[in-house]
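Reader: I am new to this structure and would like a close look at one part of it, the aromatic residues and what surrounds them. Please take me through that part step by step.

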Amino acid sequence: NDNTPRFLQNKFQLEINELTSPGARFYLGMAEDADVGSNSLQGYELEANEYFTVEVKESQDGSKSAELVLRHSLDREKEQSLRLMLTALDGGDPPRTGTAQLWINVTDANDNPPVFTQDRYHASLREDAPPGSTVLNVSASDADAGTNAHVIYRFGKMPAKVLRKFTVDAGSGAITLQEVLDFEDTRAFSLAVEVTDGGGLVAHCKVEVEVLDVNDNPPEITILSLSSPVPEDAPAGTVVALLNVNDPDSGENGQVSCELSGEASLSIVASSGSSYKVVTASALDREQASEHRVTVVARDRGRPALSSSTEVLLEVSDVNDNAPVFEEASYSAYVAENNAAGALVLRVQARDADAGANGRLVQASEPALFRVGLQSGEVRTARAVSERDAAKQRVVAVVKDHGQPALSATATLHVVLAESLQEALPELSERPAGAEAAAAAAELQFYLVLALALLSALFVLSVALV
């Protein structure tokens, strides 16, 4: 046994796909041994390993070749290649051996889907972020090799509104903003991202994008109601306007306070929710100010703060709270004794601070029916009696002296207007009974007769003049 078994090549290279089923055989050829008989080649041995074994296959001519047999499934991601020693043995004593290197490369199969580093990503973005801003990068890996490990990113099924806002780079997984954001429109977006490897296997992840509020909205003031004009005798605290203030921002950016800029006769108080009331702070006086103009200023608590304003115009309506006032406390006039009838003696003038009908020295529709002589005390008719005059007249006469202080007394004269004494008697009978009543009735009857006589005389005189 002087010859050693020898392989025709000292290295064998095999490429075996990782999906190859156990039991598969791979021909390795045979070794040569010049000896004969029991000293010739007898078999093969393979270095101990987990996956392969070697078997001897003997042909009809007695030659013995080696076959590599797969015992367990391969996994390229676990072990990409194996280097095993193949040994050929003869039957000599002692036996001689020859060796060859067995290099096995496990080729890749697309048996691994891509995997994201996170199932769910979170990102925050200010609403004033410009288009083109990077939101975040998603990342996925594939344990396969070659084209099977090449991944492509894209968005899954999402609303068109979201697809317009964002884009994802197919190669890097970088998500960028395409359109401006508006916190008041949408406060968060949920993006569905999927990745596909070269063999068509797909993985998915979610990206939650939170939109951060920026103080980009000034408060909005809405006048819900305005009670204008308001009467000048309205008590302090009267509600003249109801406002609603709204700021669509969030947090301190949406917290609003209101104040009035202008006259102090009005004030603003908070009502329920975001409502405010403008009320009168003190008594009004139309004669001093016929209108009040104030500015409502609403300011939020953002940094920097934003504000808005609106003007409230309150008109004050007149109340007849001012008596007419003569321009002079007393008037003096001189009249020539031979002045013509109807000549102007004196012009007096009075003013009233009120407005409209309340402020117009309105002329009486008709002069008083009676007048009293200043010195004689005689009560005379001042004009003809008309049908519009009341049947019962009450005349109060006042007499006063010139003492310091002046003293005065009054007397009341009741006059009944009737076409005959018989018509006046029922009215007279309503006076108090008894001696005093009779005396009063007699006195009243006297004055009634006197009044009728005067009326008749006046009537005759009027006819004569006509």
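Author: F189 is buried, because its relative accessibility is 5% and the cut-off for buried is under 20%. The model is a predicted one, and F189 makes a good place to start in it. F166 is buried as well, at a relative accessible area of 2%.

These two residues form a ring pair. The ring centres of F166 and F189 are 5.2 Å apart and the planes meet at 75 degrees; over 60 degrees counts as edge-to-face, so that is how this pair is classed. F166 belongs to strand β15 (residues 166-168) and F189 to strand β17 (residues 188-196). With their positions 23 residues apart in the chain, the pair links distant parts of it.

Next come the other neighbours of F166. Leaving out residues up to four places away in sequence, F166 touches V135, F155, I175, T176, L177, Q178, L181, F189, L191 and V209. F166 also has a place in the largest nonpolar core, which has 30 residues. The members that touch the most other members are F116, V138, F166, I175, L191 and V207. Two or more residues of this core come from each of β11 (120-126), β12 (134-137), β14 (152-155), β15, β16 (174-177), β17 and β18 (202-212). There is also a second, separate core, made of 25 residues, with F12, L14, L102 and V106 among them.

F12 appears again among the ring pairs, where F7, F12 and Y44 are linked into a cluster. Over the whole structure, the search gives 5 aromatic pairs.

Another of the pairs joins F326 and Y331. Their ring centres lie 6.3 Å apart, within the 6.5 Å allowed for a pair, and their planes are at 75 degrees, so this pair is edge-to-face. Y331 is partly exposed, because its relative accessible area is 29%, in between the 20% and 50% cut-offs.

W103 has charged groups over its ring. The charged end of K11 sits over this ring at 4.2 Å from the centre. The charged end of R83 also sits over the ring of W103, with 4.1 Å to the centre.

To place these residues along the chain, the domain bounds help. Domain 1 covers 6-107, domain 2 covers 115-212, domain 3 covers 220-317 and domain 4 covers 325-434. The centres of domain 2 and domain 4, taken over C-alpha atoms, are 99 Å apart.

Technical notes: Residues numbered from 1 in each chain as written. Predicted model: local features only at pLDDT ≥ 70, side-chain atom pairs only at ≥ 80, totals over all residues. Heavy atoms only, no water. Domains from an automatic or database assignment. Phe/Tyr/Trp six-rings, centres within 6.5 Å; stacked < 30°, edge-to-face > 60°. Helix = DSSP H or I, 4+ residues; strand = E, 2+ residues; numbered from the N terminus. Buried < 20%, exposed > 50% of the residue type's maximum accessible area, 1.4 Å probe, protein only. Lys NZ or Arg CZ within 6 Å of the ring centre and 35° of its normal. Core = buried A, V, L, I, M, F, W, Y, C linked by side-chain atoms within 4.5 Å. Contact = heavy atoms within 4.5 Å.
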